[in-house]
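Trainee: I'd like to learn how to read charged pairs and pockets in a model. Could you walk me through one?

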Amino acid sequence: MSTTSLQNHPSVEEVFKHVETIPLALFEHLDFSFLTDFPVFAPDPWRRTRDHKPPELLKGVLYCFSREIYSPEEIARELQDELLYLQCGFDKPPSHQSIRRFLTDVSLVVEDIFEYLVEQVAARDLLDNTFRIDSTVVHADPRDSEASWNYDPTAGSDDSDGDQSDESDQDTSNNDEQDEEGNGGYYFGYGYLVVTTGPKLPVAAAFTEQKQVDQEIARRVTQDALAVGDPNWMLGDSAFDMLNWHDDLIEEGVVPVAPYNERNTDDPYDIEYRVEQRIKKHSDTVGVWSKQLEETYEQRSQVERTIGACKDCGLGTPSVRGRVRVESHVFLALCLRLATAIANYERDANPGKTSVEVCQ
């Protein structure tokens, strides 16, 4: 675009302000060149290269997610704007076929991209000493043949605790009782489990068939989170009243704080939090203050605010269908939340620059 055409643009000042505060701010401190190392983005057997490179396509897709634009056709239409596609690094706007192919390919490596961005926030010292874990629903398109009806024991209730106890180290539920009490409800879709910390940051996640917590997935996601941070506390609701989950954290020197769930035992302990019993089992000399556990657990609601911020990034009701596509959509939304946090951190470190007002 020539200088003359820029000067003649009817709203050039507004356009430059918009472009400078959103696309450029999101990506000026992030290098996505590592995407070209993934085999999925390699040239085809005939050595034909792509018209558009993966780093630029990811920037364009994340930008469009920030504008609540998700389908390949709508993304391609949005990126027709010359100022916008140049800011994203394109020489020419991508077609919807290019966007669709990229979204298909990126689904194979989207968790790796998420992990890369988590490492970037960790390198900027954005993680704090309290991690929080929670599961939530992902509502699916009614036409999604791979989604299913699942039970959410917390739906319509102010109590965010799940219905899961772990006295015998088994995942159990009591859905009929919850129905009779008027709590809970059914939803159509999937779920995901997330560990959060800092300024509304997801640091580990897993896409699941339903919201209800699976013990092995919870343990794996927790270990993924501990691989990038060194918290003092891990907070979860009573769905995380799991013996092995507690023991894993205690062995890592982390204090797990989850309310004790006595529903499925005939001889409950006189405790408020499972960790009180587990620490007694592990040591006769180490103790915790009940008041300190209670005050720390009050910070758990931060995970709900983080999930809310991630839903603002596209986790409301994904328009795509099928488990693979929905899972990719979920992780792209989490990636956008991390990219926004990194951008805002860098903007705060450079006075005079405007914060990115998405996914706050």
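**Charged pairs and a pocket**

Mentor: Let's start with one pair: Glu-209 forms a salt bridge with Arg-323, and their closest N and O atoms are 2.6 Å apart. Keep in mind that this is a predicted model.

Trainee: Where do Glu-209 and Arg-323 lie?

Mentor: Glu-209 is in the loop between strand E4 (201-208) and helix H10 (215-226), while Arg-323 belongs to helix H15, so the pair ties together parts 114 residues apart in sequence. As for accessibility, Glu-209 comes out at 42% and counts as partly exposed. Arg-323, at 23%, is partly exposed too.

Trainee: What is the general idea behind such pairs?

Mentor: Side chains of opposite charge can pair when their charged atoms come close. Here, a search of the whole structure turns up 13 salt bridges.

Trainee: Are Glu-346 and Arg-124 buried or exposed?

Mentor: Glu-346 is buried, at 13% relative accessible area, and Arg-124 is buried at 14%. Buried means under 20%, so both values fall below the cut-off. Their side chains meet in a salt bridge at 2.7 Å, N to O. This pair links distant parts of the chain, with Glu-346 in helix H15 and Arg-124 in the loop between helix H8 (110-123) and strand E1 (130-139), 222 residues apart.

Trainee: Which residues are linked in a network of salt bridges?

Mentor: Asp-134, Arg-300 and Glu-304. Within it, the side chains of Arg-300 and Asp-134 meet at 3.6 Å, N to O. That contact links the loop between helix H13 (290-297) and helix H14 (302-315), home of Arg-300, to Asp-134 in strand E1, 166 residues away. Both Arg-300 and Asp-134 are buried.

Trainee: And how far is the nearest side chain of opposite charge from Glu-56?

Mentor: That one is Lys-59, 5.2 Å away; Glu-56 is buried yet has no salt bridge. Glu-56 sits in helix H4 (residues 54-66) and, leaving aside residues up to four places away in sequence, touches Cys-88, Gly-89 and Phe-90.

Trainee: Now the pocket. How many residues line the largest pocket?

Mentor: There are 17, with Pro-72, Arg-100, Leu-103, Val-320 and Arg-325 nearest its centre. The elements giving two or more residues to that lining are helix H5 (72-78), helix H7 (96-106) and helix H15 (323-349). H15 gives the most, with five. The volume of the largest pocket is about 400 Å³.

Trainee: What is the chemical make-up of the lining of the largest pocket?

Mentor: Seven of the lining residues are nonpolar, six polar and four charged.

Key: Residues numbered from 1 in each chain as written. Predicted model: local features only at pLDDT ≥ 70, side-chain atom pairs only at ≥ 80, totals over all residues. Heavy atoms only, no water. Helix = DSSP H or I, 4+ residues; strand = E, 2+ residues; numbered from the N terminus. Buried < 20%, exposed > 50% of the residue type's maximum accessible area, 1.4 Å probe, protein only. Lys, Arg positive; Asp, Glu negative; His and termini not counted. Salt bridge = Lys/Arg side-chain N within 4 Å of Asp/Glu carboxyl O. Contact = heavy atoms within 4.5 Å. 1 Å grid on protein atoms, 1.4 Å probe; cavity = no way out; pocket = protein on both sides within 12 Å on 5 of 7 lines; lining within 4 Å. Points joined across faces, edges and corners; volume = space filled by probe spheres on them. Nonpolar A, V, L, I, M, F, W, Y, C, P; charged D, E, K, R; others polar.
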